[in-house]
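Reader: Hi! I'm new to this one and would love a friendly tour. Could you bring it up so we can look together?

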Amino acid sequence: EANPWLKEQKVVAKPDQLIKRRGKAGLIAVNKTFSEAKDWVMERMCKEQKVETVTGQLTHFLIEPMVAHKQEEEFYICLHSLRYYDEILFYHEGGVDVGDVDAKAERMQLSTGEMPTLATVTAKLLGKVPDAKKENLASFVVSMYQFYKDLHFAYLEINPLVMLEDNTVVPLDMAAKLDETASFLCAQRWGEVDWPPPFGRAAYPEEALIREMDGKTGASLKLTILNDRGRVWTMVAGGGASVVYADTVADYGWGHELANYGEYSGAPSTEETFVYAKTLLSLMMKYKHPEGKFLIIGGGIANFTDVAATFTGLIQALQHYASDIKEHKIQIWIRRAGPNYVEGLRKVKAASDKLGLGLKVYGPETHITAVIPMALGLMQALPEPDLSAACGPPVRKLIPNAGSKPSTQKPAPPATKHTIVTATPETTSIVYGMQNRAVQGMLDFDYMCKRKKPSVEAMIFPFSGNHYVKFYWGTEEILMPVYTTTKEAVQKHPNVSVFINFASFRSVYETSMEAMNYPSIKTLGIIAEGVPEQ
């Protein structure tokens, strides 16, 4: 009753589950009555369907009005964002058999901040379009690009785009990607948006749990289930390290057994690490494998994360699942380094010995990904480091080198006051944001490197008046000025050439653009994650 058109005209039915090329897969019902469309949908509802190489269950369909048109009225258009520019692809034919548009479409590149005009769109994209349609179609393309930018799309493809005889434009099928990080800017204009998993991969409640935790903490917690029956599971600290570990598993030929992808970083608390580890272990227990499974806990050398604190949470999870870990024949291999890592490795090794879990534990003396081939049985396990020393890093005998080649690395350029690539002992910075812990860490590093003066000259914090903050330079106390504006900080410290921006993703754009207005600032470091691309 709310949609009377369903019974008044012919309709089209198709799955609505992030499936491209539905027409070629036979997943579009065209020119049907509502009753026929409903029967077509019910025949396929909750059934397994293979689309190209992916098999999944069809659970969501849409029914829309049938738009009668001729083949020559179909066009193809795609907008997508690349690193340094946006690109519009247009082809004068559209539909199921459009073919390889990457090879034959007309292209128009737009650099950052550039907007297309009717004249440029007509000249570069619409050369093969009938003259009678060019003006309206060019207007549509310009408006669609503005829409694409305003609502922070990252990709938008319409195929076919139909222009009827009266020059009415109707998009018949569309695939799009939104930049989720722009939610704080566009949430009201987007309305309620679901972020469904790709076709063929079910949404897991465990993923939702970690996503909810991630939204409530300053740490970064991510989890994606790739294959819940896989044998190789990872718990990796750091976004970069998580990519390296996943790539390494695949490089060794175990990509088909890689069960998950994710990270925990940004100094998560003991409780957050416990929940994250417990969630991973619970997923590992869902299905038994006769040959057992592997949990690889890895990461680089942490900057700020207290390894001992996070490993306390890990130990709690291991205690919770100790009997299940042994029952499921799960081997656990650890490689970690960073603040308090020796204490962390000692604690987890002691817990392993007490629980009888047989963990293998390594520190920075072992290559970051060496635990992967050792865990998978592809190389002989290296001896674990001696963690019994009262202090200092564990020492392991180096592997003898069969020979070395002369270095081909170019020598460093001669010292200058400042270049973008090289910092000298005189290079100094301004830090935006009250990141006292980070600044103290920088000063400690400066002091150990025997710099004559701190690398941070001042801080900026717009939410309080000008004041001073106490830091330590070695054993001495020093006072660092804090300003409320970038302008004042740069004026008072004209020799500063580096701007380190700790502003949040909401304000980092404005503060970074302001910093680049000052000629003395040569290098800008942005710490924020989740900054919208547009």
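Reader: Which strands does helix α16 lie across?

Author: In this predicted model, helix α16, residues 508-515, lies across β18, β22 and β23. Its direction runs at about 175° to β22.

Reader: Nice. And what's the order of the strands in the open sheet of six?

Author: Reading across, you meet β20, β21, β19, β18, β22 and then β23. The pairing in this open sheet is mixed.

Reader: Why is one side of β20 and of β23 left without a neighbour in the sheet?

Author: Those two, β20 (467-473) and β23 (523-526), stand at the edges with a single partner strand each, so one side of each has no neighbour in the sheet. From one strand to the next, the twist averages 25°.

Reader: Okay, what about β18 and β19: parallel or antiparallel?

Author: Parallel, over four bridges. Strand β18 covers residues 429-432, and β19 covers residues 456-460. If you'd like a spot to find on screen, look for Val431, whose bridge partner in β19 is Met459.

Reader: Found it! Which strands does helix α14 touch?

Author: Helix α14, residues 436-448, packs on the sheet and touches β18, β19, β20, β21 (476-483) and β22 (498-501). Its direction makes about 40° with that of β20.

Reader: Let's switch. What's the strand order in the open sheet of three strands?

Author: That one goes β2-β1-β5, and its pairing is antiparallel. The edge strands, β2 (29-32) and β5 (61-65), each pair on one side only. The twist here averages 20° from one strand to the next.

Reader: How many bridges join β1 to β2?

Author: Two, with β1 being residues 11-15. Ala13 has Ala29 as its bridge partner in β2. There is a helix here too: α2, residues 34-44, packs on the sheet, touches β1, β2 and β5, and points at about 10° to the direction of β1.

Reader: Last topic, empty space. How many cavities of 30 Å³ or more does the structure hold?

Author: One. About 40 Å³ of space lies in the largest cavity.

Reader: Which residues line the largest cavity?

Author: The lining is made by Phe90, Tyr91, His92, Lys104, Glu106, Leu125 and Lys128.

Reader: And how do they divide into nonpolar, polar and charged?

Author: Three are nonpolar, one is polar and three are charged.

Reader: How do you even spot a space like that?

Author: Rolling a probe the size of a water molecule over the atoms shows where space is left empty.

How values were computed: Residues are numbered from 1 along each chain as its sequence is written. This is a predicted model: local features need pLDDT of at least 70, side-chain atom pairs count only at pLDDT 80 or more; totals for chains, interfaces and linings use all residues. Side-chain values use heavy atoms; hydrogens and water are left out. On a 1 Å grid over the protein atoms alone, a cavity is a set of points where a 1.4 Å probe fits but cannot get out, and a pocket is an open set with protein on both sides within 12 Å along at least five of seven lines; lining residues have an atom within 4 Å of a point. Grid points are joined across faces, edges and corners, and a volume is the space filled by probe spheres set on the points. Ala, Val, Leu, Ile, Met, Phe, Trp, Tyr, Cys and Pro count as nonpolar, Asp, Glu, Lys and Arg as charged, and the others, Gly among them, as polar. Two strands pair if DSSP finds at least two bridges between them. Axes are lines fitted to C-alpha atoms, for helices over the stretch in contact, and angles run from 0 to 180 degrees between N-to-C directions. Contact means heavy atoms within 4.5 Å.
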